[in-house]
Structure formats: C-alpha cells, structure tokens
Amino acid sequence: MESVYESALVIELTQRGIRCERQVITEILYKGRKVGEARIDLLVGGCLIVELKAVDSLLAIHKAQMLSYLKALSRPLGLLINFKVEVLRQGIQRIIRSSEI
C-alpha cells in the first residue's frame with residue numbers, strides 16, 4: 001500500500017506546485033567508500049526527506065532508517081508518515097538529525 005500512498009501524495013504535492021522527487025537513490029558511504037545504496041520515498045522541495053509507511057506502529061528501526069537517510073543526504077529534517085492510523089496527524093513523526101550524527 002505504501003506505493004499507492006506515495007503516488008497519491010505526489011499528486012497532491014504537484015497540484016499545489018510543490019516540487020518532489022520519487023524513489024531517490026542515494027549512496028551509502030562508510031569511511032568515504034560506497035558500501036551500498038538506499039532508496040528514499042520522497043524528496044520534497046529538494047530538502048525534506050519523506051519516508052512513507054503503512055504499519056501498525058512506527059518502530060525504532062524506522063527512525064534509524066530516517067536518520068541514516070538524513071546523514072547520507074546531509075539534511076537536518078525528515079518526516080516519517082504512517083498511513084495505518086485513524087487520523088493521519090497521529091501518524092506523522094518529525095525526525096531531526098542532531099549535529100553529532
């Protein structure tokens with residue numbers, strides 16, 4: 001279901017004139033060397049990372065995943081959005097990367 005929510009969100013953002021990119025591939029580096037790739041659900045306005053979920057509850061691993069994305073793209077802020085909630089507002093979690101990470 002996450003891909004369906006992603007498509008709908010892209011339509012909503014685009015209709016509002018907000019630039020967004022889907023399934024952005026980013027390199028994962030370790031000690032300056034590429035060790036893999038990650039695929040970010042949405043990059044909004046070139047600066048906000050948005051990761052979409054449709055799970056019973058957001059877990060620590062989801063937050064860790066977002067923090068990894070923030071570090072890989074040198075971004076300070078991301079949103080985890082879980083669509084499997086009664087009220088969408090309850091499923092939105094803001095993740096901030098501290099300067100130590």
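Mentor: Exposed means over 50% relative accessible area, buried means under 20%, and partly exposed lies in between. The model discussed here is predicted.

Trainee: Is Asp56 buried or exposed, and at what relative accessibility?
Mentor: The cut-off for exposed is over 50%. Asp56 passes this cut-off and therefore counts as exposed, with a relative accessibility of 66%.

Trainee: With which residue does Asp56 form a salt bridge?
Mentor: The closest N and O atoms of the pair are 2.8 Å apart. Asp56 sits in the loop between S3 and H2, and its partner, 28 residues away, in the loop between S4 and S5. That partner counts as partly exposed, at 48% relative accessibility. The partner of Asp56 is Lys84.

Trainee: How many salt bridges does the structure hold?
Mentor: Lys84 with Asp56 is one of them. Another joins the side chains of Lys34 and Glu37, at 3.1 Å from N to O. The structure's total is 5.

Trainee: Is Lys34 exposed or partly exposed, and at what relative accessible area?
Mentor: Its salt-bridge partner is Glu37, which is exposed at 53%. Lys34 falls between the limits of 20% and 50%, so it is partly exposed. Its relative accessible area is 46%.

Trainee: Which residue forms a salt bridge with Glu51?
Mentor: Glu51 lies in strand S3 and counts as buried, at 4% relative accessibility. Its partner also counts as buried, at 9%. The closest N and O atoms are 3.5 Å apart, and the partner is Lys53.

Trainee: Which residue stands opposite Glu51 in S4?
Mentor: S3 and S4, residues 77-82, pair in the parallel sense over 5 bridges. Outside four places in sequence, the contacts of Glu51 include Arg39, Gln65, Met66 and Tyr69, together with Leu79, Leu80 and Ile81. The residue that stands opposite Glu51 is Leu80.

Trainee: What is the handedness of the crossover from S3 to S4?
Mentor: S3 and S4 are parallel partners. Between them the chain runs through helix H2, residues 60-72, which makes a β-α-β crossover. Its handedness is right-handed.

Trainee: What span should the 13 residues of H2 have at 1.5 Å a residue?
Mentor: The expected span is 1.5 Å times one less than the number of residues. The distance between the end C-alpha atoms of H2 agrees with this expectation, which is 18 Å.

Trainee: Why are the buried residues of H2 on the same side, and what arc do they cover?
Mentor: The buried residues of H2 are His62, Met66, Leu67, Tyr69 and Leu70. Residues three or four places apart in an α-helix point the same way, because there are 3.6 residues a turn. Around the axis of H2 the buried residues are confined to one side because their arc is only 160°.

Trainee: Which strands are included in what covers the buried residues of H2?
Mentor: The face turned away from the buried side carries the exposed residues Ala60, Ile61 and Lys71. On the buried side, the cover includes S2, S3, S4 and S5.

Trainee: Which residue just after H2 takes a positive phi?
Mentor: H1 is followed by Gly17, with a positive phi near 75°. Just after H2 the value is about 50°, and the residue is Ser74.

Trainee: Within what arc do the buried residues of H1 fall?
Mentor: H1, residues 2-15, reaches 20 Å from its first C-alpha to its last, close to the 20 Å expected. Its buried residues are Glu6, Val10 and Leu13. They line one face of H1, because seen down the axis they fall within an arc of 70°.

Trainee: Which strands are included in what covers the buried residues of H1?
Mentor: The residues in question are Glu6, Val10 and Leu13. Their cover includes S1 (20-30), S2 (33-44) and S3 (48-53).

Trainee: In what sense do S4 and S5 pair?
Mentor: Ile81 stands opposite Ile92 in S5. There are 5 bridges between S4 and S5, residues 92-96, and the sense is antiparallel.

Trainee: How far apart in space are Ile92 and Ile81, C-alpha to C-alpha?
Mentor: Ile92 is partly exposed, at 41%. Leaving aside neighbours within four places in sequence, it is in contact with Leu79, Leu80 and Ile81. Ile92 and Ile81 are 11 residues apart in sequence, and their C-alpha distance is 4.6 Å.

Key. Residues are numbered from 1 along each chain as its sequence is written. This is a predicted model: local features need pLDDT of at least 70, side-chain atom pairs count only at pLDDT 80 or more; totals for chains, interfaces and linings use all residues. Side-chain values use heavy atoms; hydrogens and water are left out. Helices (H or I, at least four residues) and strands (E, at least two) are DSSP runs, numbered from the N terminus. Buried means under 20% relative accessible area, exposed over 50%, partly exposed in between (1.4 Å probe, protein chains only). The arc is that of the directions from the helix axis to the C-beta atoms. Contact means heavy atoms within 4.5 Å. Two strands pair if DSSP finds at least two bridges between them. A crossover is right-handed if, with the strands pointing away from the viewer, the path from the first strand over the helix to the second runs clockwise. A salt bridge is a side-chain nitrogen of Lys or Arg within 4 Å of a carboxyl oxygen of Asp or Glu.
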